[in-house]
Amino acid sequence: MPHSIGIQPSPSSTIPSDQTSMAATMSSSYDSNTSTNSKMSDPVKSYNKLRRQGSRSSVAAGKRKLDETNTSNWIHHKKHFFILSSAGKPIWTRYGDESRISSLMGVIQAIISFFQDGDDAIKSMNAGQHKFVFLLRDPLYYVAVSKTGESEVQLRDQLLYLHNQILSVLTGAQLTRIFEQRVNFDLRRLLAGTEVFLDSLSTLFNKDHSFMLSALQCLRLSRRVRDQTGAILSGRKIKGLLYAMVVAKGRLVTLLRPRRHSLHPSDLHLLFNMLTGSTTFHTAESWTPLCLPKFNSKGFLHAYICYIAKDISIVMISTDKDRFFDLSEWKSSIVESMQKENTLQSIINASEHSYKIESIGAPGLAHFLYKSKIHVQFTCPEYSDPYTNDVHQKRLFRLYHYVYDRMHCRARPLKLYYHESDQEIILGWITSSFELYVVFKPGTSKQTIISSSNYLLRWIRRNEESLFIVDSPVF
């Protein structure tokens, strides 16, 4: 099945056809148990390195102070990540200073080696409230230590994102060649200045639903404005151009792509993390080598990034390293056309005012997540009371993870799942075309949950063209 904006869906279990009635399904069954490597010139390489280091130095003073505290207190965090080389060399740690916990890295390497000596590979282990999850991608090892209640599968997916984040900077071919030449190589020298992207990615794991759903969140925007923006992007063809997109606060506005090319959601997640994880790109036009691991983990593409308004950026990805000035000139004409047709201001307004749950008018509805499998996109409203409070918001986020994991369990996948607690009621519903997770206030009757969920589905269908990109321009 072709996908409207060329985003590859993630592999998933086959789901039966859509249920015709929520009430019929719910009454029958529910589970209530609680290219080649870049040949850039040396000046350009040095320039990009300085830019990345600049993004890191902007928070360096504050981070040093935090490191002094976190080095002794990092064990109190509920989730932690470690990255080390197969020789036990520390590369990155989520909290604190990796160089100060080198002995711990050595212990991790010894545990992994113990299993490897027995022709086995350690995947996970439990110790009290903590779950240890390992991802081995020679020459690098990734470890998650968590007491958040997330499953082994979810934590391993997060480790894989961290691995792909490193590949986006170095490429798989470079990484392999480096450690083949010198097994004890200190990778921190090559990653200097880019750790900010690993930091921001780790933060997003705890507040962005995109990673759990393997889907993109698009900016809610009228079909007319989205089509106008797409038409402006497709008005000119630049040699070597692969993709062009407009992004607003980490949400996709529109995407121009070749007719037979597609993008995996995880590649776009890494790209959006790069945009939002550093302030460097906000200050000037940027031209940076970029590897998209799902597209091609062995080579670099080149990304032109320019912010045309606060939190609104144009991103162009090219296979040609010499197209910076052509793309810069094209960007200027794009901005001029967007201002002339007033689409830029419309995008700015839409990014500043997301929709709220109260505007839907479904009785008892407190929040929801809806994923369109056809478009590989999802939508959700802004948090409203009581979820404007950080504690309640975090609890809801973890509850979504719990229900999602329960429904996608390989041993016993579910089409419908009902969970009730003192704080909220959540219902998960999976069909062949969508996934829906709806949250209701405590005490809401099942009849109201059924009717409000069906009302929400009708509202989403009516507003589909503004909530999702249903027809993206191609060339």
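Here are a few friendly notes on two parts of this predicted model, a group of strands and a helix.

1. Start with strand 10, residues 301-309. Eight of the nine residues in this strand are buried, so "mostly covered" is a fair description, since buried means under 20% relative accessible area.

2. Now look at the neighbours of strand 10. Strand 9 (residues 286-290) runs antiparallel to strand 10, and five bridges join the two. Strand 11 (residues 312-318) also pairs with strand 10 in the antiparallel sense, over seven bridges.

3. Histidine 302 is a handy residue to find on screen. Its bridge partner in strand 9 is proline 289, and its bridge partner in strand 11 is serine 318.

4. How do strand 10 and strand 11 connect? They form a hairpin with two residues between them. Aspartate 311 sits in the turn and has a positive phi of about 65°.

5. Next, turn to helix 4, residues 102-117. Its 16 residues reach 22 Å from the first C-alpha to the last, close to the 22 Å expected at 1.5 Å a residue. Just after the helix comes aspartate 119, with a positive phi near 55°.

6. Which residues of helix 4 are buried? They are Met105, Ile108, Gln109, Ile112 and Ser113. Seen down the helix axis, these buried residues fall within an arc of 135°, so they line one face of helix 4.

7. Finally, compare the two sides of helix 4. The buried residues pack against strand 1 (79-85), strand 2 (90-93), strand 4 (130-137) and strand 5 (140-146). The face turned away from the buried side carries the exposed residues Ser103, Phe114 and Asp117.

Technical notes. Residues are numbered from 1 along each chain as its sequence is written. This is a predicted model: local features need pLDDT of at least 70, side-chain atom pairs count only at pLDDT 80 or more; totals for chains, interfaces and linings use all residues. Side-chain values use heavy atoms; hydrogens and water are left out. Buried means under 20% relative accessible area, exposed over 50%, partly exposed in between (1.4 Å probe, protein chains only). Helices (H or I, at least four residues) and strands (E, at least two) are DSSP runs, numbered from the N terminus. Two strands pair if DSSP finds at least two bridges between them. The expected span of a helix is 1.5 Å times one less than its number of residues. The arc is that of the directions from the helix axis to the C-beta atoms. Contact means heavy atoms within 4.5 Å.
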